[in-house]
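Trainee: Could you walk me through this structure? I'd like to begin with how two of the chains meet and then move on to charged side chains.
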4 protein chains.
Amino acid sequence: MSDDDVRHRHRLAVRFSDCDSMGHVNHAVYLSYFEQCRFTWWRQLGSPAGMPGAATVIVHAECDYRAPAHVHDELEIRLRLGSIGSTSVTLLYEIVNVASGVRLAEGKTINVTVDPVSRRAIPVPADTRARLEGG
Amino acid sequence: MSDDDVRHRHRLAVRFSDCDSMGHVNHAVYLSYFEQCRFTWWRQLGSPAGMPGAATVIVHAECDYRAPAHVHDELEIRLRLGSIGSTSVTLLYEIVNVASGVRLAEGKTINVTVDPVSRRAIPVPADTRARLEGG
Amino acid sequence: MSDDDVRHRHRLAVRFSDCDSMGHVNHAVYLSYFEQCRFTWWRQLGSPAGMPGAATVIVHAECDYRAPAHVHDELEIRLRLGSIGSTSVTLLYEIVNVASGVRLAEGKTINVTVDPVSRRAIPVPADTRARLEGG
Amino acid sequence: MSDDDVRHRHRLAVRFSDCDSMGHVNHAVYLSYFEQCRFTWWRQLGSPAGMPGAATVIVHAECDYRAPAHVHDELEIRLRLGSIGSTSVTLLYEIVNVASGVRLAEGKTINVTVDPVSRRAIPVPADTRARLEGG
């Protein structure tokens, strides 16, 4: 993926509490980093509490781990819009160590748009699609 | 996958601290549930601090989410041995709500065996393979 | 405090994800253990989502740490009712390693009863007081 | 306490994963914010992995909560040096919402200097004392 595909960049410093007994960031925390990146993106699009114009649930998340991160490391999480399906949005992520430029991880989430009451899948609203594609 | 493939079952109660602002278990926590399941399996195999006879790093983790879990729910995490490659072990998981029997999630991790000092991939030790296949 | 003061005992196994780079349970997690203990107590009193008959906020939490806990340790968190003031309930906790009997920590929280909308302190409802004192 | 007592200021943005089912930062997370503040202070003093020149264990932590924090809030954690005893260092903290200036919480930790092998309390090393008092 090229740099101009990046829709949002979120920077954060690794906290001591992100690290496990191995002395590096626990693998589960990478999903929280992805989460924080999409929430800050959505906030930038005017929707601080979730995807613009839609309730969503995650149906899939994955991460490939390439190199560890340690306490105090400054990380940049980059988000790309993978695809928008009939009832879901696929988001792509990568995590880069800012100081070294090394790519630490890359991942993906599939977020399904749902009816806020029934929690069943509904078509991605046209307004949501427009805001995500424009954002 | 059939029930007789299950190598290990780990039960836990959902903690309030596992849940996020949506009022259910945060998706990242499922990876920690998988982690706890493999650690308790390895412990049962006589290796409380990690995979028997090998240092490992995770290179891939993924989860498919089917239904939410809530505070106080009793969950059973089931582990299957997916495959043992030249330098990696693939583990498969599913999470079931004990009371309802509903399958909430399924996932996978790929754990690479590494040299404890250089952290580079090494062949899965024969002893490790034997203990995992026998366990 | 004597054993007959104990209102509720909650057992849990230390998760790998509870531990930090020092290789033992992170000190902040003890507050989550206390939290889980009071939530399971309240659930036993018929109120799974919080203090019986009252919305609450925590205004104070503290913990004294005496010995570390490690992954796989089975812990018992014991809860005592410290006191019920005009607008607050003080709860006392201790954490014991089940296998060794060693007391690892003791702590306290002060939970203020609040109006669910304004979040301002209100008198502890009589029904809440009765259920906590009887529980 | 006056502003000129502040030894270190650490800023962070509240993550979605810091928040619980109540929709605000979970009370246990405040201890992690304090932790991150003292670790970044120690790092600034030249000791990225812990207190300068000493192994430590926490024997006490406490927090008073005054107002909630929410996802995306920018917080400043301020650290003051409470006192240095024969075998312990008391650190004082407060957390302020940067945008509103409102003080959300204040707290304290007591960190005992220990022998790195036996984990028993030892006198605060003179070099440690000098670096903390000068920092």
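Mentor: We will go through the contact between two chains, then some strands, then the salt bridges, keeping in mind that this is a predicted model.

Trainee: Okay, how many residues of chain A are in contact with chain B?

Mentor: There are 17 residues of chain A in contact with 17 residues of chain B, and the two chains bury about 1,500 Å² between them, with 52% of that on carbon and sulfur atoms. On the side of chain A, A:His27, A:Leu31 and A:Tyr65 supply 32% of the area buried against chain B, which is more than any other three residues give.

Trainee: And how many salt bridges does the rule find across that interface?

Mentor: The rule finds zero salt bridges between chain A and chain B, although ten residue pairs are in polar contact there, with both residues at pLDDT 80 or more.

Trainee: Which element of chain A gives the most to that side?

Mentor: That is β2(A), which contributes eight residues to the side touching chain B. By kind, the residues on this side of chain A are eight nonpolar, four polar and five charged.

Trainee: What does β2(A) pair with over in chain B?

Mentor: It pairs with strand β2 of chain B, residues 55-65, in the antiparallel sense over five bridges; A:Cys63, for instance, has B:Ala61 as its bridge partner.

Trainee: Switching to β1 of chain B, which side chains there are buried?

Mentor: The side chains alternate along this strand, so that B:His8, B:His10 and B:Leu12 point to one face and are buried, by the cut-off of under 20% relative accessible area, while B:Arg9, B:Arg11 and B:Ala13 point to the other face and are not. β1(B) also pairs with strand β3 of chain B, antiparallel, over six bridges, and in that strand B:Glu76 is the bridge partner of B:Arg11.

Trainee: Now the charges: how many salt bridges are there over all chains?

Mentor: The structure holds 44 salt bridges over all chains. One of them joins the side chains of A:Glu106 and A:Arg66, at 2.4 Å from N to O, and this pair links distant parts of the chain, with A:Glu106 in strand β5 and A:Arg66 in the loop between β2 and β3, 40 residues apart.

Trainee: Is A:Glu106 buried or exposed?

Mentor: A:Glu106 is buried, at a relative accessible area of 18%, whereas A:Arg66 counts as partly exposed at 47%.

Trainee: What about D:Arg78, what does it form a salt bridge with?

Mentor: D:Arg78 forms a salt bridge with D:Glu76, their closest N and O atoms being 2.7 Å apart, and both residues are buried.

Definitions and conventions: Residues are numbered from 1 along each chain as its sequence is written. Chains are lettered from A and ligands numbered from 1 in the order in which they are written. This is a predicted model: local features need pLDDT of at least 70, side-chain atom pairs count only at pLDDT 80 or more; totals for chains, interfaces and linings use all residues. Side-chain values use heavy atoms; hydrogens and water are left out. Contact means heavy atoms within 4.5 Å. Buried area is the accessible area (1.4 Å probe) that two parts lose on being put together, summed over both. A salt bridge is a side-chain nitrogen of Lys or Arg within 4 Å of a carboxyl oxygen of Asp or Glu. A polar contact is a pair of N or O atoms within 3.5 Å; within protein, one must be able to donate a hydrogen and the other to accept it, and residues adjacent in sequence count only if both atoms are side-chain atoms. Helices (H or I, at least four residues) and strands (E, at least two) are DSSP runs, numbered from the N terminus. Ala, Val, Leu, Ile, Met, Phe, Trp, Tyr, Cys and Pro count as nonpolar, Asp, Glu, Lys and Arg as charged, and the others, Gly among them, as polar. Two strands pair if DSSP finds at least two bridges between them. Buried means under 20% relative accessible area, exposed over 50%, partly exposed in between (1.4 Å probe, protein chains only).
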